[in-house]
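Open the model in your viewer and keep the sequence panel at hand. The tour goes stop by stop, with a selection to make at each one.

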Amino acid sequence: MDVTQASSECSAVLQTIDDAVICDRAFPEDILVGVVGRGHVLVEDVPGTGKTLTARSVATALGLSFSRIQFTPDLLPADVTGTHIFNERERTFEFNQGPIFANVVLADEINRAPPKTQAALLEAMEEGQVTVDGETRQLPDPFVVIATQNPVEQEGTFPLPEAQVDRFLVKTSMGYPDEAGEVELLRRRADRETTSPSVEAVLEPQQVGQLREVPETVRVDEDLLEYVAALARETRADGRVETGVSPRGTQRLFEAARAYATIVGRSYVTPDDIKRVAQPVLAHRLVLTPDATVNGVAKSQVVNGVLESVPVPTVEESTA
């Protein structure tokens, strides 16, 4: 699969999602950047905006298996990964797979579960495998976690540890639809008998695997490599930031920029591609100082300041 074909397939997937979900185009694009960039996606929003519907629609459009895990305060790690069950007839223990054994796993309201259960996802997200009772089992390929969380100010939530937040390639948000969008939502509901819309598969699993290989062919010039590194380093120099973007975050920005270039059908990365993905890739990786937090500084403000302060290289696009 080349970049042109990959972009065409991505456009079809985005259109299918758009037919089911009322949201700004940037939101499903962010999720697709996570999928194409071989990463995971964190979605933060208030309940009822359509996060679950979006995750299910993405999995269906990509032709992938889907599993939903409702995270609750009493959820145990074994409820996620699976456990061994004794077979009385065979007199042996058999492994019963948990819901994490799917291509697309929706970790719904992940910050309502205690840290021990949240940590059960770390190995799966980073290594594509789980270890149960000392035995390692591979997860399906491709494997994508789309986690949703409620704002931390809501009752009964546990802030995700920085180490886990850093595992997500992008963090994004749906937000409320505008007035026209909300009217359209009602209009679509009036035209169907079911409460939720349905979507059709656009791709097959093997095509998704091919699609995720395309960004590896996207060119990133030397001056843009320096630009990506400069953006990450500038976050560490900001006085409002206690912990800046890690080297892992620097690499993820590079990967996300290549994935976005693939989605828009370009065989090379431009500075605008990097700027487009900077917010969803970098903001959630920052840890602000206590003073900045008290003063209401938003992480997005810091990223915007970094984008404004770091000189943008000039790229000759005619060399595509």
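Are α11 and α12 oblique to each other or roughly parallel? Keep in mind that this is a predicted model.

**Stop 1: α11 and α12**

Select residues 247-263, which form helix α11. Add residues 271-282, helix α12. The two helices pack at an angle of about 130°, and their axes lie 9 Å apart. Angles of 65 to 115 degrees would be roughly perpendicular and those over 145 roughly antiparallel. α11 and α12 are therefore oblique to each other. Their crossing is right-handed.

Now show the side chains at the contact. From α11, pick Gly 249, Arg 252, Leu 253, Ala 256, Ala 257, Tyr 260 and Ala 261. From α12, pick Asp 273, Ile 274, Arg 276, Val 277, Ala 278, Val 281 and Leu 282. Colour them by class: ten are nonpolar, one is polar and three are charged.

**Stop 2: Ala 278**

Stay in α12 and centre on Ala 278. Is Ala 278 buried or exposed? Its relative accessibility is 0%, so Ala 278 counts as buried. Leave aside its neighbours within four places in sequence. Ala 278 is then in contact with Leu 253, Ala 283, Val 303 and Leu 307. Leu 253 also belongs to the α11 side of the contact at Stop 1. Next, draw a distance from the C-alpha atom of Ala 278 to that of Leu 307. The viewer should give 8.3 Å, for two residues 29 apart along the chain.

**Stop 3: α10 and α14**

Select residues 222-237 for helix α10 and residues 299-309 for helix α14. They pack at an angle of about 130°, with axes 9 Å apart. That makes α10 oblique to α14. α10 passes α14 in a right-handed crossing. On α10, the contact uses Tyr 227, Leu 231, Glu 234 and Thr 235. On α14, Val 306, Leu 307 and Ser 309 take part. The contact residues divide into four nonpolar, two polar and one charged. Leu 307 is the link back to Stop 2, where Ala 278 is in contact with it.

**Stop 4: Asp 166**

Go to the loop between α7 (162-165) and β9 (170-172), and select Asp 166. Asp 166 counts as buried because its relative accessibility is 10%, below the 20% cut-off. Which residues does Asp 166 touch, not counting residues up to four places away in sequence? They are Ser 246, Arg 248 and Arg 285. Show the side chains of both arginines. A polar contact of 2.6 Å joins Asp 166 to Arg 248. Another, of 2.7 Å, joins Asp 166 to Arg 285. Arg 248 lies within the range of α11, residues 247-263.

Key. Residues numbered from 1 in each chain as written. Predicted model: local features only at pLDDT ≥ 70, side-chain atom pairs only at ≥ 80, totals over all residues. Heavy atoms only, no water. Axes fitted to C-alpha atoms, helices over the stretch in contact; angles between N-to-C directions. Helix = DSSP H or I, 4+ residues; strand = E, 2+ residues; numbered from the N terminus. Parallel < 35°, antiparallel > 145°, perpendicular 65-115°, else oblique. Left-handed = near helix turned anticlockwise from the far one by under 90°. Contact = heavy atoms within 4.5 Å. Nonpolar A, V, L, I, M, F, W, Y, C, P; charged D, E, K, R; others polar. Buried < 20%, exposed > 50% of the residue type's maximum accessible area, 1.4 Å probe, protein only. Polar contact = N/O pair within 3.5 Å; in protein donor to acceptor, adjacent residues only side chain to side chain.
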